[in-house]
Structures are given as structure tokens and as C-alpha cells.
Amino acid sequence: MGRPEEAVEFPVGDLVADLLALDDGVAEVEAEPDAGVDDLGRGRERSRDSGAFKLLRNLRIARCARRNVMPRTSPDAIQAKGYASAAMRLYHVPNSSSQRVVWLLEELGEPYELVILGDRPSRLADREHMGRHPMGRVPVLEDDGGPVFESGAICLYLADKYPKAGLLGAAGTHERGLAYQWSFFAYTELQARVLQIRLAGSAEAADAPTKSLAEAVAAVDRALQGKDFLVGDRFSVADLLVGTALRAARRLGAVELPVRVGRYLDMLESRPAKQRADAQNPPPASAA
Ligand SMILES: N[C@@H](CCC(=O)N[C@@H](CS)C(=O)NCC(=O)O)C(=O)O
């Protein structure tokens with residue numbers, strides 16, 4: 001006779017709201033009599049295998065897929081409701097700041113889809129991408145919860161979301177504080193100086209940011225004294241972000257990297273995940 005009626009409530013209202021947000025799919029939901037939506041907008045599920053439940057779930061996922069968007073319910077809710085979880089997507093442009101996120105995704109080993117976007121003007125004209133990033137930039141990560149932009153934020157978010165990868169200390173620990181410290185340092189003291197030097201336009205204008213960059217690199221050198229990694233004794237998101245900025249500094253050649261920093265960078269670059277990420281990054285047309 002199958003399983004007894006479980007009378008598990010699940011919020012059909014959420015589902016309908018999601019469908020409404022996407023398009024006129026609600027009409028199809030209402031046409032399904034077994035959905036059991038009561039006067040209060042709640043649904044009753046006989047079992048996870050019930051036809052109504054599957055129909056609603058598949059309809060929702062199919063609509064999201066057709067419209068190139070992800071379901072917007074939180075990952076926890078998706079798991080609790082038994083919806084199939086959609087893969088992560090990274091909206092990416094090769095040889096851009098998006099590359100560090102590819103590296104991080106490879107470190108995680110979780111499935112993801114790389115969506116290579118065209119040039120900026122075509123992105124600015126693309127309403128869908130402008131909905132993901134208000135300036136039409138990359139990277140943007142899209143998962144079950146919706147889009148997230150800013151490469152550093154994406155890296156920290158993913159490291160947090162997939163704790164098994166061990167890329168970030170637990171929330172509230174000193175280790176976590178140090179990971180934030182070096183991650184912000186990577187952007188503000190390393191990456192920003194590289195950019196300032198690149199844009200300086202004259203040797204005089206490049207002087208101050210070059211000195212600042214040298215000081216920041218020296219700080220990394222001191223932090224690595226007697227250590228292989230910046231935080232604790234294992235690779236973390238802090239190494240990934242600092243390493244990416246150091247790579248940009250090395251390419252620019254404005255300051256000489258101390259031997260220990262050079263070795264640290266070589267070690268980071270030789271990580272299998274980094275190699276896999278780089279293998280997905282076609283060289284610029286001019287270098288081909
Ligand atoms: N701070 C942002 C920078 C985002 C950014 O400027 N992305 C560049 C690529 S590196 C971009 O999309 N620029 C426009 C373009 O390349 O068309 C981040 O790290 O995510």
C-alpha cells in the first residue's frame with residue numbers, strides 16, 4: 001500500500017512565488033490538483049515521491065534552466081525540500097580577475113560550470129548579465145542562492161560554504177581573522193599597488209606605489225619566516241589571494257621578490273588545482 005500519509009508540510013507558497021518571479025508558470029502549478037495547496041497557501045506532501053511534489057520540483061528547475069537562471073531558494077531550504085541542487089556557475093573572462101575563482105573552484109573539487117562571456121560592450125548590453133553584476137563585470141558566481149560578485153568575496157564565500165576543503169578556519173577563530181587579514185591585504189596592499197604602478201604613466205608617479213609594494217612584499221616575506229603558508233600550517237584562501245596578487249607583481253617586475261617569497265609563489269603556482277585552472281585559461285590572442 002506504499003508509505004502512510006506523512007502530512008509533511010512544505011511551503012508551496014515559496015515555490016509559487018519563485019515561479020511567479022520567473023514568468024507565468026504559476027498557471028501550470030495551479031492546474032495540478034494534487035499539489036494540495038490549502039487556503040493558507042501551504043502545501044501538503046504525501047511523500048517525497050508524490051507526483052505533485054516531483055512535478056513542482058521539475059517544473060521549477062526546468063523553468064530556471066530554460067531561462068538561464070538558478071532557483072533562488074536558499075541552499076538549506078533546497079536540501080530540506082529535496083529539490084535537486086543546481087551546479088555552480090562562474091561567469092568568466094579568461095585572463096581576468098575571475099581566474100583566481102577558477103583556481104579556488106579547482107581547489108574545492110566541487111562541480112561547477114564555466115560560462116565564458118564576451119567583451120565588455122556585449123556584457124553591458126546583456127540585461128541578464130547586468131542583473132548579475134551592476135557594472136557588467138566578471139567574475140560572478142551564481143549558485144542556488146543567486147549571484148555573488150567581487151572575486152575576493154566569492155573566494156571567501158566558497159571557502160566558507162565548503163568547509164571540508166579546509167581553505168578557511170572556523171568562523172570566529174583567530175585563524176579566520178588572519179585569513180581575512182591576508183585576504184584584504186592581498187587586495188589593498190598588493191593588488192592595488194600593482195594597478196597604481198601600471199596606471200602611473202611616469203616614473204615619478206610610479207615611485208610611491210612602487211615603494212609601498214616593496215614594503216608589502218617585505219611584510220609577506222617576514223610572515224613566511226619558518227612557515228610554508230600564511231595562516232596555520234596549511235594552504236588557505238589567504239595564500240590563494242596573496243599568491244594571485246604576488247603573481248601580478250612578479251609579472252609587472254616593478255619590485256624584485258625576495259627569494260623566500262619567490263619560492264612560496266612557485267610552490268603555489270605548482271599546485272595541481274592551480275595548474276588545472278590555468279589549463280582552462282586560453283592565452284590572449286596576441287600570445288597565441
Ligand atoms: N574588484 C573586482 C574587479 C572586477 C573587474 O574589474 N573585472 C574586470 C576583469 S579583470 C572586468 O570585468 N572588466 C571589464 C571587462 O573586462 O570587460 C573583482 O575582483 O572581482
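This is a short tour of the structure, one selection at a time.

**Colour by confidence**

You are looking at a predicted model, so start with pLDDT. The average over the protein is 77, and 68% of the residues score at least 70. Now select residues 1-86: here the pLDDT is below 50, although the stretch has 93 contacts in the model beyond near neighbours in sequence. Where pLDDT is low, the predicted coordinates should not be read in detail. Hide that stretch if it gets in your way.

**Switch to cartoon**

The protein has 13 helices and 6 strands. Of its 288 residues, 31% are buried. Among contacts with a separation of 6 or more, 62% link residues 24 or more positions apart.

**Select the sheet**

Pick β3 (88-92), β4 (112-116) and β5 (140-143), then add β6 (residues 146-149). Together they make an open sheet of 4 strands, ordered β4-β3-β5-β6, with mixed pairing. β4 and β6 are the edge strands; each has a single partner, so one side of each lacks a neighbour in the sheet. Look along the sheet and you can follow the twist, which averages 20 degrees from one strand to the next.

Zoom in on β5. On one flank, β5 pairs with β3 in the antiparallel sense over 3 bridges, and Arg-89 has Glu-142 as its bridge partner. On the other, β5 runs antiparallel to β6 over 4 bridges. These two strands form a hairpin with 2 residues between them, and Asp-143 stands opposite Gly-146 there. Which residues of β5 sit on each of its covered faces? Val-140 and Glu-142 are on one side, Leu-141 and Asp-143 on the other, and all are buried.

**Add helix α5**

Select residues 99-108. This is α5, which lies across β3, β4 and β5 and runs at about 155 degrees to β3. How many of the 10 residues in α5 are buried? The count is 9, and among them are Val-101, Trp-103 and Leu-105, along with the charged-looking entries Arg-100 and Glu-106. To see what covers the helix, show the three strands β3, β4 and β5 plus α8 (151-161), α11 (237-252) and α13 (272-279), which are included in the cover. Just after α5 comes Gly-109, with a positive phi near 75 degrees.

**Check the loops for odd backbone**

Go to the loop between β3 and α5 and find Asn-95. Its phi is positive, near 55 degrees, and it is not a glycine. Asn-95 is exposed, with 11 other C-beta atoms within 10 Å.

Next, move to the loop between β6 and α8 for Glu-150. This is another non-glycine with a positive phi, about 80 degrees. Glu-150 counts as partly exposed, with 17 C-beta neighbours inside 10 Å.

Then select Pro-139, in the loop between α7 (127-132) and β5. The peptide bond leading into Pro-139 from Val-138 is cis, with omega near 0 degrees.

**Finish at the ligand**

Show the ligand and its surroundings: Val-93, Ser-96, Ser-97, Arg-120, Arg-137, Val-138, Pro-139, Glu-150 and Ser-151. What is the make-up of this shell? It divides into 3 nonpolar, 3 polar and 3 charged residues. You have already met some of these: Val-138 and Pro-139, both in the shell, are the two ends of the cis peptide bond, and Glu-150, also in the shell, is the residue with the positive phi of about 80 degrees.

How values were computed: Residues are numbered from 1 along each chain as its sequence is written. This is a predicted model: local features need pLDDT of at least 70, side-chain atom pairs count only at pLDDT 80 or more; totals for chains, interfaces and linings use all residues. A residue is near a molecule or strand if its C-beta atom, placed from the backbone, lies within 6 Å of it. A residue is buried if 20 or more other C-beta atoms lie within 10 Å of its own, exposed if 12 or fewer, and partly exposed in between; C-beta atoms are placed from the backbone. Two residues are in contact if their C-beta atoms, placed from the backbone, lie within 7 Å. Two strands pair if DSSP finds at least two bridges between them. Axes are lines fitted to C-alpha atoms, for helices over the stretch in contact, and angles run from 0 to 180 degrees between N-to-C directions. pLDDT is the predictor's confidence in each residue, from 0 to 100.
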